[in-house]
Amino acid sequence: MMMASEFKAGREFDLGGVVPWGRRLREYAAFFALDDLAGLAPVLDAGGGPSSFAAEAAEMGIAVTACDPIYQFAQSDIRRRFEETAEAMRTGMRRASYRFNWSYYGSEEAVHRLRREALELFLGDLETGKTEGRYVPASLPALPFADGAFRLALSSHLLFLYGDDLDFAFHLAALRELLRVADEVRIFPLVNLDGLPSSHLPGAMSILRGEGVRAELVSVPFEFQKGATRMLKLRKN
Ligand SMILES: C[S@@+](CC[C@H](N)C(=O)[O-])C[C@H]1O[C@@H](n2cnc3c(N)ncnc32)[C@H](O)[C@@H]1O
């Protein structure tokens, strides 16, 4: 019988857990169809990591708070983890290039350039942002925010993507927590690291609907992992 560890070793993306790899605001805008970000604030970016979404929003005067366990670490540690991740990503993307639609980014180099831009914008804003309470060291599924503190909570490239590392109970608890702190929740992508539809999604949608949550799959103007063209949108009824 195949052990879980043997199966993992054969995966095209073996990242060794959830990694700090961050995107820019314009990418978030595409993942989450954010045509009117200012009108959706205040926004929570849960698992924001080294994304520059909060930093770029702050430049635009839009209230975004990001939370992530890595915000407790020194900048040098975050940078070192980023470099290790960049190496693993290079290997993974080369092996799995056929699984991506390259029309948005163009090339692997362009992806890496954007990730580095995001890292630098994020690190440049981190200390000020921490003192302003815009970067909060915290982990799902228990967040230190009041009920309804945000109009919108986003989570990009954490839930469902790492569905082999994070189990169903974690996903359900995390989604309930995001619904506690925000009126609306959007999650992208809904596939795992192998590019397959997350097995956690149907069960989570069904349980949340049973609890009176409006749960829909909404098409977005973005595709990188082939077939990952929808976000999950949740609203309390
Ligand atoms: C792949 S990065 C995505 C970063 C950002 N959301 C983006 O899409 O650019 C995943 C992030 O999830 C964070 N993370 C891992 N476990 C978490 C948890 N339980 N709660 C919140 N964030 C978590 C990691 O520290 C990492 O920064």
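## A look at the protein chain and its ligand shell

Of the 237 residues in the protein chain, 35% are buried. Keep in mind as you browse that this is a predicted model.

**Overall build.** The protein chain contains 8 helices and 7 strands. Its radius of gyration is 17 Å, which agrees with the value near 18 Å that a compact globule of 237 residues would have. Along the principal axes, the C-alpha atoms fill a box of roughly 45 × 45 × 30 Å. Contacts also reach far along the sequence: among those with a separation of 6 or more, 75% join residues 24 or more positions apart.

**The core.** The largest nonpolar core has 51 residues, and the members that touch the most others are Leu 44, Ala 153, Leu 178 and Ala 182. Helix α7 (residues 168-181) supplies the largest share of this core, with 5 residues. For a closer view, pick out Ala 182: leaving aside residues up to four places away in sequence, Ala 182 touches Leu 44 and Ala 153, along with Phe 150, Arg 151 and Leu 152.

**Around the ligand.** Now turn to the ligand, which has 19 residues around it. The ones that come nearest are Arg 23, Gly 47, Gly 49, Ser 51 and Ser 156. Here is how the residues of the shell divide by type:

| Type of residue in the ligand shell | Number |
|---|---|
| Nonpolar | 9 residues |
| Polar | 8 residues |
| Charged | 2 residues |

Definitions and conventions
Residues numbered from 1 in each chain as written. Predicted model: local features only at pLDDT ≥ 70, side-chain atom pairs only at ≥ 80, totals over all residues. Helix = DSSP H or I, 4+ residues; strand = E, 2+ residues; numbered from the N terminus. Rg over C-alpha atoms; globule rule 2.2 N^0.38 Å. Buried ≥ 20, exposed ≤ 12 C-beta atoms within 10 Å, placed from the backbone. Contact = placed C-beta atoms within 7 Å. Core = buried A, V, L, I, M, F, W, Y, C linked by C-beta atoms within 7 Å. Near = placed C-beta within 6 Å. Nonpolar A, V, L, I, M, F, W, Y, C, P; charged D, E, K, R; others polar.
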